[in-house]
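The following exercises ask the reader to locate residues and helices in a protein model and to reason from computed values. Each task is followed by a solution in steps.

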Amino acid sequence: MTTDTRELALRPSRVPAAVRAVRPRQWVKNVLVFTAPLAAGRLLERGVVIGSLLAFVSFCLVSATVYLINDVRDVEEDRLHPKKRFRPIAAGELSPAAALLLAAVTGVLGFGLGFWVSGELGLTLTVYLVLQVLYSTFLKHLPVVDLAMVASGFLLRAIAGGVASDIPLSQWFLLVAAFGSFFMVAGKRYSELKSVGADAGTRRSLLRYSESYLRFAWMLAAVMVLISYSLWAFENRGGGLGGIPWTAISIAPFTLGLLQYALEVDTGNAGEPEEVVLHDHVLQVIGLVWLVTISVAVTR
C-alpha cells in the first residue's frame, strides 16, 4: 500500500460503519443478474426489468449477509491484510454481535423478497448462501475447491436473472458465465498472491498455490470463455438489426475486454474485481462498446 493510499484509508469515514460493512461497492457484482435477460433480448420488457431489479436487490441483501458473516469469521486474518484491516469489523468500528444482528436482518429481507418474486429465485439465493457459508467455514482452505466456491457466487448471480423472469438459460450462456466466473476468481487469487504473498497469513489456501499454477488457471479459463462466447456468437449471428452479424462483431470488444482485465490481473491489481471495473476507464469504454454492440445484436 502506498503512503497516499494508507493516509486515505486512515481518514475517518463519513459513511456509517454498518453501511460500509455490507460492502455496497461490491454490489456491482450483482449486475450479473441482468446478463441473462440481455442475452435473450428481453431486458427492456416491463416484467423482465422489474424481475431483474428485484433479483438485484435480493442478491444485494443476501450477499451483504454473506459479507458480514465472512468478516466476523475472518477478523483475525483481515487484520493482517494491508487493505482488509480497514474493514469496520477488523478495525473495531463494528462489533461482531452487531454485525451478526445486521446479517440476520439483511438475510430475512433478502430471502423474503427473493421467494416473493419466485420460488426459483429464492432457491438460487438459498444455494448461494449455503455454498458461501460452507466456503467461509472450511472450504476456503482447500485449494482449487476455494476457486470453485467463489466462482459459484458469480455464476449463481447470472442464473438468478434468468429464473427471476422465467427466461430459459442456454448451454452457451451457462458456459460463458461459468468460465467467466472462474477466470475472475483465478485472477483474483493470482493478484493476491502477487501483491501480498503466500506468507502474509491473509489466506491459508495461498500457501498451496504458485504464481505459475494460478496463471495457468486464469489463462485456461480465459480461453474457454472466449471459445464458448464465440461459438454462441456465430450460432446466433443472424437476425440482428440490418441483417448484420452483430453477435460475431461483438467478439472483438469482448476479447479486448478480457485482455484489458488480464492486464490488471498480470500486474497484481485484480484482487478486488469490482475495483477494477469501477476504476479502469479503458475497460469501462470497452465494456460500453460491447454492451452497445450486443444490445443491437439481440434487437429483433
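A residue is called buried when its relative accessible area is under 20%, exposed when it is over 50%, and partly exposed in between, with a 1.4 Å probe and protein chains only. The model is predicted, so local features need pLDDT of at least 70 and side-chain atom pairs count only at pLDDT 80 or more, while totals for chains, interfaces and linings use all residues. Residues are numbered from 1 along each chain as its sequence is written, and side-chain values use heavy atoms, with hydrogens and water left out.

**Exercise 1.** Determine whether Ser228 is buried or exposed, and state which residues it contacts.

*Solution.* Step 1: Ser228 is found in helix H10; helices are DSSP runs of H or I with at least four residues, numbered from the N terminus. Step 2: the relative accessible area of Ser228 is 4%, so this residue is buried. Step 3: apart from neighbours within four places in sequence, Ser228 contacts (heavy atoms within 4.5 Å) Trp172, Leu175, Val176 and Phe179. Step 4: the side chain of Ser228 also reaches the backbone oxygen of Met224 at 2.9 Å.

**Exercise 2.** Carry out the analysis for Ser52: is it buried or exposed?

*Solution.* Step 1: Ser52 belongs to helix H4, residues 46-73. Step 2: Ser52 has 0% relative accessibility and therefore counts as buried. Step 3: a polar atom of the Ser52 side chain lies 2.8 Å from the backbone oxygen of Val48. Step 4: with neighbours within four places in sequence set aside, Ser52 touches Val33, Phe34, Pro37 and Ser165.

**Exercise 3.** Compare the expected span of helix H14 with the distance between its end C-alpha atoms, and find where its buried residues lie.

*Solution.* Step 1: the expected span is 1.5 Å times one less than the number of residues. Step 2: for the 17 residues of H14 (residues 281-297) this gives 24 Å, and the end C-alpha atoms are 24 Å apart, which agrees. Step 3: the buried residues of H14 are Leu283, Ile286, Thr293, Ile294 and Ala297. Step 4: these residues cover an arc of only 95° around the axis, so they are on the same side of H14; the arc is that of the directions from the helix axis to the C-beta atoms. Step 5: on the other side of H14, the residues His281, Val285 and Leu288 are exposed. Step 6: the cover over the buried residues of H14 includes helices H3 (35-39), H10 (211-235), H11 (246-249), H12 (251-266) and H13 (273-279).

Notes
Helices (H or I, at least four residues) and strands (E, at least two) are DSSP runs, numbered from the N terminus. A polar contact is a pair of N or O atoms within 3.5 Å; within protein, one must be able to donate a hydrogen and the other to accept it, and residues adjacent in sequence count only if both atoms are side-chain atoms.
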